[in-house]
Amino acid sequence: MKTMKWLNPVLAIILTLTLAACGSNSNTAGSADAAGKGNNSSAAVADSGLKDDTTPITIQYWHAHGDAQIEGLNKMIEAFHAKYPHITVEPVFQGGYDDLHKKLQAAVAAGDVPAVTNVEVASLPNFADSGVFADLTPWINRDGVDTNDFAKGMLQAYAYNGKQFGFPLIVSTSVFVYNKTLLDQLGIQPPQTWDEIEAFNEKVTERKDGKTTRYAFAVPGWDTWYYDPWLINGGGQILNTEGKAAVDTPESLRYVQNFQKWIKEGSMQMGYGKGASDNMRQMFLDGQIAMVEHTSAMLKTYRENASFEVGVSFLPGDKTRTSNIGGAGIVIMDGASDLEKEAAWKFVEFMTAAENNIGWAESVGYLPTRKSALETEEGKAYFQRWPQYKAVFDNFDNVTPRLQHPAYPEFSSEYKEVIGEMVLNQADPAQLMPEAAKKMNQILEDYE
């Protein structure tokens with residue numbers, strides 16, 4: 001299978017040998033034998049009569065939750081066990097997303113997978129295309145889960161080829177975090193359209209002796225997640241309708257040519273490489289940048305460390321207006337036993353339920369995902385504590401998935417390198433992008 005590049009026979013052998021170092025799943029004694037290890041489809045499991053089965057079972061939840069999220073996670077697991085005392089959930093931290101994904105690959109290669117796991121949003125298509133995740137649709141239909149209650153884009157981010165493989169769990173999006181105190185003093189608002197950016201730059205940028213002492217805004221160069229929405233908002237495409245690279249078309253180059261212009265003018269700061277994120281954040285806190293594009297998950301950090309009032313604005317639009325989803329979802333592994341899958345579904349449903357949505361989101365510093373939760377008294381109180389998030393939820397359905405293609409993590413690195421050349425070596429991105437498109441198409445050939 002071409003799309004399952006990470007699970008070719010040689011790598012599978014290597015991953016199997018390294019599984020012991022990665023950690024493996026411990027099934028409850030007898031459960032795999034009793035229910036069958038990954039032999040049945042999701043529909044068969046959902047219809048098997050296991051919904052009301054109370055056989056004691058232990059499942060593992062592999063995750064990438066950092067230290068700041070563990071307290072919230074533990075509270076959720078305790079509440080889940082109180083509701084389903086026959087199900088014990090063992091949370092297993094597997095490092096960051098990259099480490100977690102490598103360990104999942106090893107587990108798949110060895111045929112010994114956890115029941116439920118996180119998956120980073122951009123990596124879902126690769127795993128889903130390889131058939132390692134269970135389709136949640138039969139359980140959704142069986143238990144009447146109102147999927148329309150999720151923000152549209154957030155739900156779509158965990159669907160692939162017409163199947164719902166996961167639900168959004170820890171969701172972020174890129175936003176502009178700005179120095180509200182400064183902008184209020186200047187009598188200016190964050191730009192809502194591209195047409196407003198030039199005037200914003202002129203009003204906010206400060207220079208001394210030909211050098212910028214205060215940048216109007218910053219866009220991270222170290223991750224395509226931050227500038228893919230700019231490409232799309234400008235009317236461009238990453239891939240065209242034939243599935244070929246389109247990053248070098250005139251429409252797709254509009255954003256990066258603007259970036260190049262604003263960087264040369266000294267109104268825009270863009271970092272790339274090691275330490276770039278910390279540097280941008282500190283420059284903002286020191287008043288050297290008025291507005292930074294960053295993940296919404298960093299809002300708490302900015303609020304706690306800024307000596308000024310912090311505001312949040314949605315990314316400015318042009319031909320369209322969108323921002324991409326970040327973070328991770330929660331999925332069920334298809335190789336788990338039938339009994340494990342049923343227990344895993346109950347855990348997935350609980351972790352993403354509307355009644356738990358606000359408390360969970362606030363405990364981990366990510367965004368709520370359920371529309372009905374926002375309308376409750378708890379949701380209204382949440383917005384009183386976090387008024388900055390209103391800019392996101394005013395554009396709730398404009399938060400969309402990244403390009404969903406199994407090769408995205410691989411081919412996106414090609415145009416990211418163009419950004420790096422522009423930032424570090426003052427290269428002309430319009431001249432470099434055609435070669436990046438050529439390399440992208442060579443990668444895409446392996447996925448046809």
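Me: At what angle do the axes of H20 and helix H21 cross?
Reply: This is a predicted model: local features need pLDDT of at least 70, side-chain atom pairs count only at pLDDT 80 or more, and totals for chains, interfaces and linings use all residues. Residues are numbered from 1 along each chain as its sequence is written, and side-chain values use heavy atoms, leaving out hydrogens and water. Helices are DSSP runs (H or I, at least four residues), numbered from the N terminus. With axes as lines fitted to C-alpha atoms over the stretch in contact, and angles running from 0 to 180 degrees between N-to-C directions, H20 and H21 (residues 429–445) come within 8 Å and cross at roughly 165°.

Me: Which orientation of H20 to H21 follows?
Reply: Angles over 145 degrees count as roughly antiparallel. The crossing angle is roughly 165°, which makes H20 and H21 roughly antiparallel.

Me: How many charged residues does the contact of H20 with H21 have?
Reply: Contact means heavy atoms within 4.5 Å; Phe411 and Met422 are among the H20 residues that meet H21. By class, there are 11 nonpolar and no polar residues, where Asp, Glu, Lys and Arg count as charged, and the charged residues number 4.

Me: Which helix gives the most to the largest nonpolar core?
Reply: A nonpolar core joins buried (under 20% relative accessible area, 1.4 Å probe, protein chains only) Ala, Val, Leu, Ile, Met, Phe, Trp, Tyr and Cys residues through side-chain atoms within 4.5 Å. The largest has 102 residues, and Phe259 is one of those touching the most other members. Phe259 touches Met422, among others. With 7 residues, the largest contributor is the helix spanning residues 408–425, H20.

Note on methods:
Buried means under 20% relative accessible area, exposed over 50%, partly exposed in between (1.4 Å probe, protein chains only). Helices (H or I, at least four residues) and strands (E, at least two) are DSSP runs, numbered from the N terminus. Angles under 35 degrees count as roughly parallel, over 145 as roughly antiparallel, 65 to 115 as roughly perpendicular and the rest as oblique. Lists of a residue's contacts leave out its neighbours within four places in sequence.
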